[in-house]
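Trainee: I have a chain to look over and some questions about how it is put together. Can we go through it step by step?

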Amino acid sequence: MLTPLQKRFRYHFRGNRQTNVLSKPEWYLAQVLMWIGNHTQFLDEKIQPILDKVGSLVNARLEFSRGLMMLVLEKLATDIPCLLYDDNLFCHLVDEVLLFERELHSVHGYPGAFASCMHILSEETCFQRWLTVERKFALQKMDSMLSSEAAWVSQYKDITDVDEMKVPDCAETFMTLLLVITDRYKNLPTASRKLQFLELQKDLVDDFRIRLTQVMKEEARASLGFRYCAILNAVNYISTVLADWADNVFFLQLQQAALEVFAENNTLSKLQLGQLASMESSVFDDMINLLERLKHDMLTRQVDHVFREVKDAAKLYKKERWLSLPSQSEQAVMSLSSSACPLLLTLRDHLLQLEQQLCFSLFKIFWQMLVEKLDVYIYQEIILANHFNEGGAAQLQFDMTRNLFPLFSHYCKRPENYFKHIKEACIVLNLNVGSALLLKDVLQSTSGQLPATAALNEVGIYKLAQQDVEILLNLRTNWPNTGK
């Protein structure tokens, strides 16, 4: 059955025939797939029963496919040396071979254990060329995706539920490129070859990270601008996807293979080997750590930028005359200090701007980092730097609890819990005189820490230390004349 087909194959795809063209490997690959498909029914229904009847273990369809496969392997072995130094022809051949392999295994059930084209592609000279060409074309694609006009715009910007991560086009295209590379090499017959491709992918991630860093540095002066935020979203997305891939079965198997290679070559410390073996770390850990560091640096720059502007807007508020403000009973209605308006407006505008431009997880880190700095700043530079009469303490509490904290209520249920210094300082400054005197006595008379802690907890103080509370009590001016 195979002999006439072998003759036809050699007639058409050897020598000077017009069908034997180096640039058209798809012609002979498609021919072989067609022959396999056309004979399947006949082999299964007519030939296989005869073999079964005589007790043969031969599978007719698979042996027929294997016979035709030998023709393809001969042809590849002849053609590849002629294509090695023409990148486009070689790349086209690899693409067609991979498509052929996929159909051969998925449609025709050709076993992975049988000789296949992947064995030819894995031979040293051919494989190194494949790696080189893959790298070259990937770098070219990276150049074009980063120079595209739509590089920093999300494809899904108008579809809110799809655009949760606000991924710019270049980052999504880059991860798709990596995914396609994985798809191309995952059926290679040996783990060592797959690991070489994994190294290529890691190099590409590193290259892309460096390119993002370069663009980020150009945008550093406008750290709240659209492009800077888009770069940050890109870094976050790539890091997140790599962390997901680390749990993928294919990459876990590669991790196991890498472990064996590292153990043989003694290239890692016992601690690193242990972490890899226990799955505490992954094959992408180095990449993820570098991306996370870049992400943190970029967020820190944004937080510092906003914080500088907020401090600038707080200059008037720092000079508020907290000592001589009218008490609550003297005012019909409490209202926000006019000197606090620039501070709160600056804060509100930047929060709205960054909430729109950063993905949810990044914006959450951003506002929490900002709140941490803001809490300490207001506590140290405004509260501890002033003295407060009853009206001043009430006004401070109103400004903070009714105006500053609610700015963040859209992002969390209890924003006051992120402003622990301010919240507790307001409690101390606004205790009624009797409770304040009592607390002062307890703090002065306790030698051990336990009674003091219990007394502080009783009035709602958990964050501030005993010394801090004593300082705050001394900032109050509304003590009775006979009081201590």
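Mentor: Start with one term. A nonpolar core is a set of buried Ala, Val, Leu, Ile, Met, Phe, Trp, Tyr and Cys residues joined through side-chain atoms within 4.5 Å. Keep in mind that this is a predicted model.

Trainee: Which residues touch the most other members of the largest nonpolar core?

Mentor: That core has 153 residues. Helix H15 (residues 360-383) gives the largest share, 13 residues. The residues that touch the most other members are Trp 130, Phe 174, Leu 242, Phe 366 and Leu 404.

Trainee: Why would such residues gather?

Mentor: There is a general tendency to lean on. In soluble globular proteins, nonpolar side chains tend to be buried together.

Trainee: How many helices and strands does the protein chain have?

Mentor: The chain has 484 residues, and 45% of them count as buried. For secondary structure, the count is 20 helices and 0 strands.

Trainee: What is the radius of gyration of the protein chain, set against that of a compact globule?

Mentor: Look at the outline before the number. The C-alpha trace spans about 120 × 50 × 45 Å along its principal axes. A compact globule of 484 residues would come in near 23 Å, but the protein chain has 35 Å.

Trainee: What distance separates the centres of domain 1 and domain 3?

Mentor: The chain is divided into domain 1 (1-122), domain 2 (134-314) and domain 3 (321-475). Over C-alpha atoms, the centres of domain 1 and domain 3 are separated by 77 Å.

Trainee: What share of the contacts between residues at least 6 apart in sequence joins residues at least 24 apart?

Mentor: Take one residue as an example. Leaving aside neighbours within four places in sequence, Phe 174 contacts Met 142, Met 145, Leu 204, Val 205, Phe 208 and Ile 238. For the chain, the share is 75%.

Trainee: Is Leu 204 buried or exposed?

Mentor: Leu 204 is found in helix H8 (residues 191-218). Beyond four places in sequence, its contacts are Ala 138, Leu 139, Met 142, Phe 174, Leu 178 and Ile 181. Its relative accessibility is 1%, so Leu 204 counts as buried.

Trainee: Lys 202 carries a charge label in my notes, so I will ask the plain thing: is Lys 202 buried or exposed?

Mentor: Lys 202 is placed in helix H8 too. Not counting residues up to four places away in sequence, Lys 202 touches Val 283, Phe 284 and Met 287. The cut-off for buried is under 20% relative accessible area. Lys 202 has 15%, so it is buried.

Trainee: And Asp 79: buried or exposed?

Mentor: Asp 79 is found in helix H3 (residues 60-83). Leaving aside neighbours within four places, Asp 79 contacts Leu 22 and Tyr 28. Leu 22 is 57 residues away in sequence, yet the two C-alpha atoms are 7.0 Å apart. With a relative accessible area of 8%, Asp 79 is buried.Trainee: How are the rings of Phe 127 and Phe 197 arranged?

Mentor: The structure holds 25 aromatic pairs. In this one, the ring centres are 5.7 Å apart and the planes are at 80°, so the pair is edge-to-face. Phe 127 lies in helix H6 (residues 124-147) and Phe 197 in helix H8, so the pair ties together parts 70 residues apart in sequence. Both residues are buried, and the arrangement is edge-to-face.

Trainee: Which residues form one aromatic cluster with Phe 127 and Phe 197?

Mentor: The cluster includes both of those rings. The other members are Trp 130, Tyr 185, Trp 245, Phe 250, Phe 251 and Phe 284.

Trainee: Which charged residues sit over the ring of Trp 479?

Mentor: Take them in turn. Lys 440 lies over the face of Trp 479, at 4.4 Å from the ring centre. The charged end 5.2 Å from that centre belongs to Arg 476.

Trainee: What covers the buried residues of H17?

Mentor: Helix H17 covers residues 420-430. Its buried residues include His 421, Ile 422, Cys 426 and Leu 429. Their cover includes H15, helix H16 (390-404) and helix H20 (466-474).

Methods
Residues numbered from 1 in each chain as written. Heavy atoms only, no water. Domains from an automatic or database assignment. Buried < 20%, exposed > 50% of the residue type's maximum accessible area, 1.4 Å probe, protein only. Helix = DSSP H or I, 4+ residues; strand = E, 2+ residues; numbered from the N terminus. Contact = heavy atoms within 4.5 Å. Phe/Tyr/Trp six-rings, centres within 6.5 Å; stacked < 30°, edge-to-face > 60°. Lys NZ or Arg CZ within 6 Å of the ring centre and 35° of its normal. Rg over C-alpha atoms; globule rule 2.2 N^0.38 Å.
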